[in-house]
Every structure is written in C-alpha cells, then in structure tokens.
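This report describes selected features of a single protein model and its bound ligand. Please consult the sequence and the structure shown below while reading.

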Amino acid sequence: MSTVPASAATAFPSTATATAHPNIALIKYWGKRDESLVLPAAGSLSLTLDVFPTTTTVTLSTDPADVVWHNGAVAGREFTRRVGGLLDTVRQRAHSDSHALVVTHNSVPTGAGLASSASGFAALAVAAAAAYGLELDTRQLSRLARRGSGSASRSLIDGLAVWHAGDDESSFAEPVAGPALGMIAVVIDDRRKAISSRDAMRLTAATSPYYDAWVAATAADLDAMLAALARDDFTAVGELTESNALRMHAAIAGSRPPVRYLTAASLTVFELVAQLRAEGLPVYATADAGPNVVVLCRQRDLDRAARALAARVPQFRLIPARPGRGAHLVAAEGAP
Ligand code: PMV
C-alpha cells in the first residue's frame, strides 16, 4: 500500500465522490475464514450490474467523530460503525487522524438481498482512499472494499469478477472473460431482511452440519465455472449458477435456529425459470440472502426473458440489467 507523509495527509481538507454498482454472484460467498480481515472460506464469482448505482462523497472534517448520512438521513449506529471501521483502515494507511463526513445515496433496496452493501462499500473505499490522499490501484481498492463487506471486493471490477480466497494480500477480485450475460432481478420483497448476511454466515458456519461440505463444493464449483466461462459454455455457466445458489440456501437452512431466506414466492420463480427452460428459453435462477430471485440469461435473450417473466409473474417488479462498470471516482478536490 502506498502512503503519504503525516504532514501532507493532515494539512489539506479533501473531498472525493465515487460511484459503484451492485454485483450478483454466480458462485456465492458464504462464510469467512477470518472475520476481522474478511477473508472468505472459498473464492466466488459475480457479475457487476449496470443498475442501482451508489454514489458516495467523503469529505475530511475537523469534527471529533465520523458523521454518516445515508439516503438523506443521519445513518444508524451500526451502519456508522461499519463505515468507521473502513475509514479507520484508510486513516491508518494515510497516517491521518481526521474524521470524515460521509454522504451516501444508495438506489438498491437496502438490506433486501440485492447486494446494497457491495455497491456501498465499493463506493466508500474508492471515495475514502481518494479523500485521504491514498493512491491505490484496483487490486488494492478491492482489498480495501473487502474489509467493509466481502462482496464489495467484486464491485471494483467491470462485469464478471472472480474474488480469490487467500490471505490479506492475495484476497482481491479481478476481471474474468466470458459470454455476454444479462440478469433480471425479480423483486419479490424489498424490505430489510430479518437477519443480516454477516450474522447468518456466522450462524451457518457455527451450526450447520452442511457448512464444510458447502465450502468444499463451492471451491470445486468455482473451478468448474472458470472453465465453463473460458470455453463460452453458457449452459454449464447457468447450471452451475443455479445449483450453487441452492446449495448455499440448503447450507443456510441447515443452521440452528434455521434461517430461511427463500419464500414460497421465491421458489415459485425458481420453478417458473425451470419451466421456461423446458420450453426452450435458456434462463437460470439465483438468489442472495433474501427472497428476491435473479434470473441469468445470455445478453441477447434479455428482452425475450424479461417479456416471458412479465407475462407469468406480472405481480413482481422486474429489473433487467447488463454488465456494469466497476467502482470509480467521479470527482475529487483538494487532494495533494
Ligand atoms: O458481502 P456480504 O457480507 O453482504 O455477503 C454477501 C453474501 C451473498 O450476497 C449472499 C453472496 C455473494 O457472494 O454475494
């Protein structure tokens, strides 16, 4: 990590704004090898989308504490604490003791399993690094975003990204080539989920008898996914995506007390996707830690898939998405 001298870091008030998009995993991250460094038990792979951007501005301040605004209101204590944790990492590297004002606007339905933390912490990492005068490359920014929320490491990358398991140095996300993909988010319920992914991951690792099997299977699924992407085999990509998601939910459901993120409506959408496939439309389903289902297709089938879903589940909002840009700086002032 590059650093700046203490005198330079404290001498300027600085502000920077970054934008990031959420990503949806085809091979899921569920479980940590190291809680404080946020090192995953297995690698994962995702698609950064071109919808639901988060925009975050970090401004160094003379206040005695960090102040965080989220969607127009002062953020709650837990959210502020998590933001402060990432800022502490940045301050340490920048040899700065300045606190910051963080203003973030998140257009993802927060906490509903549509990856709001991924875009949020990716934007925060990019804006905070710039505001504190750190010059970090994408790999270093991915490692920094990881400390806020594991999946945020992947939102630094355009389109398809693999996030490597490993140690603090080697656990970052990087781009992968593959077929042109599209996704359709089926918004079944956009309320905040009852149990956070952080808490449920911990519970799964501590109590689910299927956890170790999940970790081993995911490492193998990731290798198979990388091979499928490399040979442009969309059928294998889709099959691995759907199967890996259901394996994750099975491991989660095996926790005690049990956690159920998928609802009856989610399972209906999984069933519908299988029916559409049987009718000749190549679509596959996945779901993160919430009831919403995301449908994967080839980009050229996106409109057709969206029309087919709209006809069968008109009660749910559909959000078609294409590969989007990784987190990036949109403005910076006053940096040295
Ligand atoms: O990064 P977190 O702590 O929000 O965890 C994300 C977990 C899943 O979204 C369910 C899976 C994934 O790989 O994104």
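## Sheet pairing

Strand 1, covering residues 15-20, and strand 6, covering residues 54-61, pair in the antiparallel sense, with six bridges between them. Within this pairing, T19 has T55 of strand 6 as its bridge partner. The model is a predicted one, and the values in this report are computed from it.

Strands 1 and 6 also belong to a wider arrangement: an open sheet of six strands in the order 8-7-9-6-1-16, with mixed pairing. Strand 8 (73-74) and strand 16 (328-333) stand at the edges of this sheet; each has a single partner strand, so one side of each is left without a neighbour in the sheet. As a general point, the strands of a sheet pair through backbone hydrogen bonds, in either a parallel or an antiparallel sense.

## Ligand environment

Which residues come nearest to the ligand? Of the 14 residues around the ligand, these are Y29, S117, S149, S151 and R154. By class, the shell consists of six nonpolar, five polar and three charged residues.

Several polar contacts involve oxygen atoms of the ligand. A backbone N or O atom of Y29 lies 2.8 Å from one ligand oxygen atom. For S117, the side chain supplies the N or O atom, at 3.0 Å from an oxygen atom of the ligand. D288 places a polar side-chain atom 3.4 Å from an oxygen atom of the ligand. Taken alone, the ligand exposes 380 Å², and the protein buries 94% of that area.

## The loop between strands 13 and 14

P291 is located in the loop that runs between strand 13 (283-286) and strand 14 (293-298). N292 is found in the loop between strand 13 and strand 14 as well.

Are P291 and N292 buried or exposed? P291 has a relative accessibility of 12% and therefore counts as buried, the cut-off for this class being under 20%. N292 also counts as buried, because its relative accessibility is 2%.

The side chain of N292 reaches the backbone nitrogen of D189 at a distance of 3.0 Å. For P291, a C-alpha separation is available instead: its C-alpha atom is 16 Å from that of N23, and the two residues are 268 residues apart along the chain.

Key
Residues are numbered from 1 along each chain as its sequence is written. This is a predicted model: local features need pLDDT of at least 70, side-chain atom pairs count only at pLDDT 80 or more; totals for chains, interfaces and linings use all residues. Side-chain values use heavy atoms; hydrogens and water are left out. Helices (H or I, at least four residues) and strands (E, at least two) are DSSP runs, numbered from the N terminus. Buried means under 20% relative accessible area, exposed over 50%, partly exposed in between (1.4 Å probe, protein chains only). A polar contact is a pair of N or O atoms within 3.5 Å; within protein, one must be able to donate a hydrogen and the other to accept it, and residues adjacent in sequence count only if both atoms are side-chain atoms. A residue is near a molecule or strand if one of its heavy atoms lies within 4 Å of it. Accessible areas come from the Shrake-Rupley method with a 1.4 Å probe; for residues, only the protein chains shown count as cover. Ala, Val, Leu, Ile, Met, Phe, Trp, Tyr, Cys and Pro count as nonpolar, Asp, Glu, Lys and Arg as charged, and the others, Gly among them, as polar. Two strands pair if DSSP finds at least two bridges between them.
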